[in-house]
Amino acid sequence: MEKGNGKVLFALLAGAAVGTAMGLLFAPNSGKDTRKQVSESFKDLNEKLTKETEQITQKAKELLNKSEETLNKVKAKAKEAV
């Protein structure tokens with residue numbers, strides 16, 4: 001995982017945690033409503049994390065494919081040189 005992707009993931013988690021905490025502290029809702037909001041917030045967070053994970057996985061696969069292509073080119077040039 002690239003450093004930038006890790007920072008995005010951390011920022012997303014931190015933002016969700018702070019948002020949930022602030023919502024709980026200042027919520028004028030009943031306990032039932034607050035629990036429902038927290039549950040929905042975590043569902044949203046899960047969806048965002050799933051999407052981010054899929055994007056990171058796709059980028060990793062692309063990088064792996066490019067690396068394999070480069071390695072194969074280097075191997076072919078090495079064979080030609082020998």
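## Glu52 and its partners

Beyond its neighbours within four places in sequence, Glu52 is in contact with three residues, Asn5, Val8 and Leu9. Keep in mind as you look around that this is a predicted model. Glu52 itself sits in helix α2, which covers residues 31-81.

What about the charge of Glu52: does a salt bridge accompany it or is it without one? Glu52 is buried and has no salt bridge. The nearest side chain of opposite charge belongs to Lys59, and it is 6.4 Å away, whereas a salt bridge would need a side-chain nitrogen of Lys or Arg within 4 Å of a carboxyl oxygen of Asp or Glu.

## Asn5, on the other helix

Now for the partner in helix α1: Asn5 has its place there, in the run of residues 3-26. Is Asn5 buried or exposed? Asn5 counts as buried because its relative accessible area is 11%, and the cut-off for buried is under 20%.

Along the sequence, Asn5 and Glu52 are 47 residues apart, yet their C-alpha atoms are 8.5 Å apart in space. Leaving aside neighbours within four places in sequence, Asn5 is in contact with Glu52, Ile56 and Lys59. Lys59 thus appears twice in this picture: as a contact of Asn5 and as the nearest oppositely charged side chain to Glu52.

## Along helix α2

Helix α2 is made of 51 residues. From its first C-alpha to its last it reaches 74 Å, close to the 75 Å expected at 1.5 Å a residue. Which residues of α2 are buried? They are Thr34, Leu45, Leu49, Glu52 and Ile56. As a general reminder, an α-helix has 3.6 residues a turn, so residues three or four places apart point the same way.

Leu64 also lies in α2, but Leu64 is partly exposed because its relative accessible area is 49%, and the partly exposed class runs between 20% and 50%. If you would like a ruler for the helix, take Leu64 and Asp44: they are 20 residues apart along the chain, and their C-alpha atoms are separated by 30 Å.

## The chain as a whole

Stepping back, the secondary structure of the protein chain comes to two helices and zero strands. The C-alpha atoms fill a box of roughly 75 × 15 × 10 Å along the principal axes. The radius of gyration is 22 Å, while a compact globule of 82 residues would have one near 12 Å.

Burial and surface complete the view. Of the 82 residues, 9% count as buried, Asn5 and Glu52 among them. The chain exposes about 7,000 Å², with carbon and sulfur atoms supplying 60% of that area.

Technical notes
Residues are numbered from 1 along each chain as its sequence is written. This is a predicted model: local features need pLDDT of at least 70, side-chain atom pairs count only at pLDDT 80 or more; totals for chains, interfaces and linings use all residues. Side-chain values use heavy atoms; hydrogens and water are left out. Helices (H or I, at least four residues) and strands (E, at least two) are DSSP runs, numbered from the N terminus. Buried means under 20% relative accessible area, exposed over 50%, partly exposed in between (1.4 Å probe, protein chains only). Lys and Arg count as positive and Asp and Glu as negative; His and the chain ends are not counted. Contact means heavy atoms within 4.5 Å. The expected span of a helix is 1.5 Å times one less than its number of residues. The radius of gyration is taken over C-alpha atoms; the globule rule is 2.2 Å times the number of residues to the power 0.38. Accessible areas come from the Shrake-Rupley method with a 1.4 Å probe; for residues, only the protein chains shown count as cover.
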